[in-house]
Amino acid sequence: MGSPSGAGRTGGGRPGAGGRRPAPGGRRPKPVRDEARNVAYDLLRAVDERDAYANLLMPTLLRERGLSGRDAALATELAYGTLRGLGTYDEIVAACSDRPPEDIDPPLLDAIRLGVHQLLKTRVPPHAAVSATVDLVRLRVGTGASKFANAILRKVATRDFDQWLPIVAPDPGEDAVGHLAVAYSHPRWIVSALRDAVGGGFEETADLLAADNERPAVTLVAWPGRSTVGELVEDGAAAARYSPYAAYLPEGDPASLEAVAQGRAAVQDEASQLVALALTRVPVEGSDRYWLDMCAGPGGKAGLLDALAVQNDRHLLAADQRFHRARLVWRATRRAGVITADGTRPAWRDGAFDRVLVDAPCTGLGALRRRPEARWRRSSDSVQELGAIQRRLLGSALDAVRPGGVVAYVTCSPHLAETRVVVGDVVKRRGDAELLDAPSYLREVDHLGEGPYAQFWPHRHGTDAMFLSLIRRT
């Protein structure tokens with residue numbers, strides 16, 4: 001994964017790591033505060049200390065510190081890259097230290113991780129990566145800690161990433177899951193789950209894990225009736241591959257586009273658009289006036305469904321259990337009714353809707369590209385806990401739809417226990433539900449699977465790993 005070079009941030013026009021003059025009398029020069037690296041460090045600490053979401057906090061930090069352009073790009077790359085790679089980096093730190101990472105003070109460990117990322121995955125010159133990280137530790141942790149960091153980073157710098165892997169990763173012939181977990185910085189349980197979901201092949205699992213570690217492109221949605229893809233293209237975006245409402249923004253701030261700034265377009269993954277669109281494509285006999293988005297927050301899919309409903313004289317009710325998420329839905333929609341309600345304890349009568357979307361809470365394993373810290377927060381126990389909620393929500397959605405109507409069950413996770421197993425259990429138990437062939441309603445997209453389920457993949461489609469099941473109530 002490439003990144004902006006950090007050399008210019010630590011040398012050149014101002015004193016910095018790699019370009020400083022010795023202090024008089026041989027004293028070490030006063031450490032220089034590099035704001036890009038400090039922002040990256042502060043993000044890592046916020047993720048560790050208060051479970052902050054990197055994708056939500058980073059824009060705030062950049063704005064507060066006045067960073068833009070190359071500085072903002074460097075801070076983002078360092079923070080996100082470190083979060084993605086810290087599983088691998090910790091193995092390398094362990095090989096270079098006399099104590100395991102878990103015994104290193106967390107503020108110091110985060111700074112060392114930043115340094116390791118610069119050494120092994122960026123174009124920052126090794127001397128600048130070491131010096132800038134040592135300065136960061138001196139300023140933020142302490143002088144004694146900086147000596148420890150310096151010793152570790154100098155050992156790390158003796159090899160490149162490919163040379164470290166055979167040292168720290170298990171042999172793939174003896175422990176394929178363990179090798180992939182270290183080589184691609186994912187917990188073992190996630191590697192196992194993704195391998196099962198993608199079909200079990202070593203090479204394709206590796207491709208999927210590698211895609212998780214790539215920085216995703218920014219995808220926009222032009223809400224129909226309010227904006228067009230053509231307008232976004234005129235402002236510098238490119239028409240998307242699959243969704244008729246999507247465009248890719250190659251660079252820059254999405255908010256700089258007029259349609260986004262005015263609330264007529266937004267950032268939304270292409271697969272998220274397509275699963276909502278697929279629900280509207282299924283033919284239903286009789287009434288088709290009332291739609292429900294049961295777990296609507298933060299409002300991406302609801303925004304698209306609302307725009308389509310307005311165009312076709314339909315009515316959307318959008319609900320979310322939490323008020324602040326329902327408020328985000330209200331901002332993303334124009335005519336939809338928005339309420340705070342728990343889908344497992346419905347605020348509506350049975351059979352009231354012709355189409356229902358249930359975007360169930362899940363582990364989020366399908367969005368690890370955009371939420372790099374998520375892989376370290378969940379455990380395999382989360383799958384079982386969420387499974388009970390997912391089954392209740394799907395059952396409630398099938399109650400809410402009328403006979404002949406259709407339900408879309410969606411998760412941003414490909415984990416089999418959150419997708420096929422949940423749907424299979426609920427459909428089998430009820431006896432009044434029929435699985436439809438989801439890929440047939442998304443014919444513009446290839447390699448979604450043989451059906452009846454549709455599964456998007458980062459390495460195949462360049463999208464989040466979104467799962468879709470379409471179910472008709474009989």
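**Sheet, loops and cysteines in a predicted model**

Apart from neighbours within four places in sequence, Gly236 is in contact (heavy atoms within 4.5 Å) with Leu249 and Pro250. The structure is a predicted model, in which local features need pLDDT of at least 70 and side-chain atom pairs count only at pLDDT 80 or more, while totals for chains, interfaces and linings use all residues. Residues are numbered from 1 along each chain as its sequence is written, and side-chain values use heavy atoms, with hydrogens and water left out.

Gly236 sits in the loop between helix 12 (229-234) and strand 2; helices (H or I, at least four residues) and strands (E, at least two) are DSSP runs numbered from the N terminus. With a relative accessibility of 41%, Gly236 is partly exposed, on a scale where buried means under 20% relative accessible area, exposed over 50%, and partly exposed in between (1.4 Å probe, protein chains only). From Gly236 to Ala247 the separation is 11 residues in sequence and 9.6 Å in space, C-alpha to C-alpha.

The strand that follows this loop belongs to a sheet. Four strands form an open sheet in the order 2-3-1-4, paired antiparallel, where pairing requires that DSSP finds at least two bridges between two strands. Strand 2 (238-239) and strand 4 (265-267) each have a single partner strand, so these two stand at the edges and one side of each is left without a neighbour in the sheet. Strand 1 (residues 218-222) and strand 3 (residues 246-249) run antiparallel and are joined by four bridges; Val221, for instance, has Ala246 of strand 3 as its bridge partner. Across strand 1 and strand 3 lies helix 14 (residues 270-281), which runs at about 35 degrees to strand 1. Such angles run from 0 to 180 degrees between N-to-C directions, with axes taken as lines fitted to C-alpha atoms, for helices over the stretch in contact.

On the annotation side, the UniProt record (unreviewed entry) lists residues 194-474 as "domain: SAM-dependent MTase RsmB/NOP-type". Positions from UniProt are given in the numbering used here, with shortened feature names, and annotations may be inferred rather than shown by experiment. Over residues 194-474 the chain is 34% helix and 21% strand, with 33 Å between the end C-alpha atoms.

The same record (unreviewed entry) places the feature "active site" at Cys412. Cys412 is found in the loop between strand 9 (401-411) and helix 18 (420-430) and is buried, at a relative accessible area of 12%. Beyond its neighbours within four places in sequence, the contacts of Cys412 include Cys362, Gly364, Asp464 and Met466.

What, then, is the count of disulfides? With a disulfide taken as a pair of cysteine sulfur atoms within 2.5 Å, the count is zero. For Cys295, the closest cysteine sulfur is that of Cys362, 11 Å away and therefore too far for a bond. Cys362 is likewise in no disulfide, its nearest cysteine sulfur being that of Cys412 at 5.7 Å. Both Cys295, at 14% relative accessibility, and Cys362, with a relative accessible area of 13%, are buried.

Thr363 occupies the loop between strand 8 (353-359) and helix 17 (380-400) and is buried, at 4% relative accessibility. Its side chain makes a polar contact of 3.4 Å with the side chain of Ser413. A polar contact is a pair of N or O atoms within 3.5 Å; within protein, one must be able to donate a hydrogen and the other to accept it, and residues adjacent in sequence count only if both atoms are side-chain atoms. Leaving aside neighbours within four places in sequence, the residues in contact with Thr363 include Arg378, Leu386 and Glu418.
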